[in-house]
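Me: I'd like to go through this structure with you and ask where the labels come from. Keep it casual, please.

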Amino acid sequence: MPDDPALAATDARKAAFSRRSVLAGVAAVPLVAAVPVGSPTLQEAAGRAGMLFGAAMRANVIASDAALRTAVARECGVITPELELKWAWIEPQQGRFVFRDADRIAAFASTTGKTMHGHALLWHQSIPPWVAQVLADRPDWTIMRRFMAAVMPRYAATVRTWDVVNEPMEMGHRMDGLRPSPFLQAFGPDYIHRALDEARQAAPRATLFINEYGLSHDLPWQRDKRYLLLKLLEGLKRAGAPVDGVGIQAHLELVDQSSFRERVLADFLDELGNLGLQVRISELDVKEADLTATVPVRDRRVADAVGAYLDVALDNRAVGSVTCWGLTDRYSWLDEGRNVGNRGLPLDRDFVPKPVYDAIRRAFERRLVND
Ligand code: G3I
């Protein structure tokens with residue numbers, strides 16, 4: 001709980017509010033109109049194949065949009081907080097923990113019978129300024145320990161899987177491919193093993209992941225990254241580090257589609273499976289390359305890219321879940337700057353399912369048939 005009792009009271013009120021508004025929203029808004037009656041939702045299709053389907057969400061959007069709540073309640077089995085569990089959000093000042101927004105998502109998840117995926121404990125892009133200062137001036141592992149010990153047990157009932165280290169690799173700096181993040185600079189390459197140990201201690205029953213992007217295509221830098229990530233994972237396993245799985249972000253970009261090779265992704269997934277690791281497709285979405293084509297053409301391209309990707313990914317039994325980075329184009333991190341109007345998520349801005357929705361559902365159904 002927060003150290004500050006006033007904050008704790010606010011948290012409790014917010015959680016109660018969000019439970020009420022969740023229930024009100026689910027009751028008041030009609031189900032997604034364009035899904036044919038009787039056809040399974042994405043989570044139903046995933047569940048039949050022994051898998052999970054989920055989406056990333058922000059607390060403020062859950063609180064303000066009843067239609068979104070209805071769609072998530074219907075389609076998802078697991079929710080990933082898009083921002084609210086990151087260190088910069090949780091501990092903006094040393095020792096002052098702000099759980100309000102993560103608590104609201106956890107309340108929504110438990111009210112609607114979902115689990116939550118814990119994203120992401122250590123990420124170079126979400127370090128509060130005070131942590132950056134400590135890491136640079138006088139590296140002190142206890143700040144890492146206190147953060148994990150504060151956040152992980154709090155969500156033990158809702159969060160089964162955690163991204164312990166997000167995006168630890170970056171090509172072009174070191175022979176081992178590790179990103180020269182403030183964590184690496186402070187503690188050396190061993191910080192990943194230490195963080196996993198710390199996470200295991202704080203959440204003994206959770207499944208612990210390393211989450212990474214740029215792993216799926218036949219591009220030189222991604223080839224290197226796959227190889228060096230496998231080396232890292234082999235080393236961690238050999239040294240007894242508690243790493244249970246790998247999250248493959250899968251932010252697909254249509255401009256790269258010509259470098260997608262089924263064999264490359266399939267072989268990489270085999271290697272991960274051979275190491276005894278679980279795999280989550282953790283942040284699936286599609287950045288379009290050409291927003292000027294007609295909507296049906298654009299939607300077909302997005303659906304084809306996702307269909308081709310998931311057909312390969314779901315062929316591998318190590319892959320247990322698929323999470324999209326958002327559920328509706330109404331709320332997508334991609335819908336910014338030059339990409340305004342991007343249509344890379346399962347539902348459109350009015351929550352109508354698009355061809356990519358069908359492609360995801362078909363991929364789950366295909367896995368069931370192949371089982
Ligand atoms: O909420 C404030 C708003 O009040 C303010 O007006 C606005 C001005 O910039 O910023 C808003 O906060 C932004 C927040 O997204 C909500 O939109 C932050 O600046 C922005 O940094 C934050 O970006 C998030 C980013 O991670 C950094 O945390 C994206 O939404 C989120 O989609 C993105 O997610 C990452 C994964 O964690 C890791 N993998 C890549 C993925 C996409 O970048």
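Me: How much accessible surface does the protein have, and what share belongs to carbon and sulfur atoms?

Reply: Bear in mind that this is a predicted model. The accessible surface comes to about 15,200 Å², and carbon and sulfur atoms hold 53% of that.

Me: What makes the protein count as compact as a globular protein of that length?

Reply: Start with the parts: there are 14 helices and 10 strands. The radius of gyration is 20 Å, and the globule rule gives 21 Å for 371 residues; the two values are close, so the protein is as compact as a globular protein of that length. Along the principal axes, the C-alpha trace spans about 55 × 50 × 40 Å. As for cover, 58% of the 371 residues count as buried.

Me: Why is L314 called buried?

Reply: The cut-off for buried is under 20% relative accessible area. L314 has 3% relative accessibility, so it counts as buried. L314 sits in a loop, the one between helix 13 (295-313) and strand 10 (319-324).

Me: Which residues does L314 touch, leaving aside neighbours within four places in sequence?

Reply: L314 is in contact with M51, V319, V322, A363, F364 and R367.

Me: What makes helix 4 mostly covered?

Reply: Helix 4 runs over residues 66-75, and 7 of its 10 residues are buried. Those are L68, R69, T70, A71, V72, R74 and E75, each under the 20% cut-off.

Me: What happens at the start of helix 4?

Reply: A side-chain oxygen of D65 reaches to within 3.0 Å of the backbone nitrogen of A67. The limit for a polar contact is 3.5 Å, and this pair falls inside that limit.

Me: How do you know that E82 has a polar contact with the ligand?

Reply: Use that 3.5 Å limit again. A polar side-chain atom of E82 lies 2.5 Å from an oxygen atom of the ligand, which is within the limit. K86 passes too, with a polar side-chain atom 2.7 Å from a ligand oxygen, and so does R58, with a side-chain N or O atom at 3.1 Å. Taken alone the ligand exposes 790 Å², and the protein buries 52% of that.

Me: Which residues come nearest to the ligand, and what classes make up the shell?

Reply: Of the 13 residues around the ligand, E82, K86, H119, E283 and W325 come nearest. By class, the shell has 4 nonpolar, 4 polar and 5 charged residues.

Definitions and conventions:
Residues numbered from 1 in each chain as written. Predicted model: local features only at pLDDT ≥ 70, side-chain atom pairs only at ≥ 80, totals over all residues. Heavy atoms only, no water. Buried < 20%, exposed > 50% of the residue type's maximum accessible area, 1.4 Å probe, protein only. Helix = DSSP H or I, 4+ residues; strand = E, 2+ residues; numbered from the N terminus. Polar contact = N/O pair within 3.5 Å; in protein donor to acceptor, adjacent residues only side chain to side chain. Contact = heavy atoms within 4.5 Å. Near = heavy atom within 4 Å. Areas by Shrake-Rupley, 256 points an atom, 1.4 Å probe, with all protein chains shown as cover. Nonpolar A, V, L, I, M, F, W, Y, C, P; charged D, E, K, R; others polar. Rg over C-alpha atoms; globule rule 2.2 N^0.38 Å.
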